[in-house]
Amino acid sequence: MVELTKMEEFAIQQFTGMHDSEGKNVYAVCNSMGLKKEEWERIKPECAWLTDEEIEEIEQYLEIS
């Protein structure tokens with residue numbers, strides 16, 4: 001298991017809230033936390049419960065940001 005920074009742990013918590021609200025605004029969550037591609041690559045394995053659609057939206061956000 002990778003040791004995560006506090007910011008990465010916080011990102012996982014935000015994704016948990018987003019997921020529980022049925023992923024209604026994935027871009028807003030990513031933007032509000034200032035998610036970077038490197039951070040996503042580190043925390044993605046810890047977010048295995050996200051749906052394929054949520055993961056796709058996160059990765060689309062990272063492509064345009």
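**Exercise 1. Glutamate 54**

Find where glutamate 54 sits in this predicted model, and work out whether glutamate 54 is buried or exposed.

*Solution.* Start with the address: glutamate 54 belongs to helix 4. Next, check the accessibility, which comes out at 6% for glutamate 54. The cut-off for buried is under 20%, so glutamate 54 counts as buried. Last, look for a polar partner: a polar atom of the glutamate 54 side chain lies 2.8 Å from the backbone nitrogen of threonine 51.

**Exercise 2. The core**

Say how many residues the largest nonpolar core has, and which helices each supply at least two of them.

*Solution.* The count is 18 residues. Among those with the most contacts inside this core are Phe15, Trp40, Ile43 and Leu50. Now for the helices: helix 1 (6-20), helix 2 (26-33), helix 3 (37-43) and helix 4 (52-64) each contribute at least two core residues. As background, nonpolar side chains in soluble globular proteins tend to be buried together.

Then zoom in on isoleucine 43. Leaving out residues up to four places away in sequence, isoleucine 43 touches Leu4, Glu8, Ala11, Ile12, Phe15 and Leu35. Keep Glu8 from that list in mind for the next exercise.

**Exercise 3. The salt bridges**

Work out how many salt bridges the structure holds, and which residues pair up in them.

*Solution.* There are three salt bridges. Take them one at a time.

Step one: arginine 42 pairs with glutamate 8, with 2.6 Å between the closest N and O atoms. This pair links distant parts of the chain, since arginine 42 is in helix 3 and glutamate 8 is in helix 1, 34 residues apart. Glutamate 8 is buried at 5% relative accessibility, while arginine 42 is partly exposed at 35%.

Step two: glutamate 63 meets lysine 37 at 3.4 Å, N to O. Glutamate 63 is in helix 4 and lysine 37 in helix 3, so this salt bridge ties together parts 26 residues apart in sequence. Glutamate 63 is exposed, at 59%; that fits the cut-off of over 50%. Lysine 37, at 42%, counts as partly exposed.

Step three: lysine 44 pairs with glutamate 59, their closest N and O atoms being 2.6 Å apart. Here lysine 44 sits in the loop between helix 3 and helix 4, and glutamate 59 in helix 4, so the pair ties together parts 15 residues apart in sequence. Lysine 44 is partly exposed at 29%, and glutamate 59 is partly exposed at 28%.

Terms used: Residues are numbered from 1 along each chain as its sequence is written. This is a predicted model: local features need pLDDT of at least 70, side-chain atom pairs count only at pLDDT 80 or more; totals for chains, interfaces and linings use all residues. Side-chain values use heavy atoms; hydrogens and water are left out. A nonpolar core is a set of buried Ala, Val, Leu, Ile, Met, Phe, Trp, Tyr and Cys residues joined through side-chain atoms within 4.5 Å. Buried means under 20% relative accessible area, exposed over 50%, partly exposed in between (1.4 Å probe, protein chains only). Helices (H or I, at least four residues) and strands (E, at least two) are DSSP runs, numbered from the N terminus. Contact means heavy atoms within 4.5 Å. A polar contact is a pair of N or O atoms within 3.5 Å; within protein, one must be able to donate a hydrogen and the other to accept it, and residues adjacent in sequence count only if both atoms are side-chain atoms. A salt bridge is a side-chain nitrogen of Lys or Arg within 4 Å of a carboxyl oxygen of Asp or Glu.
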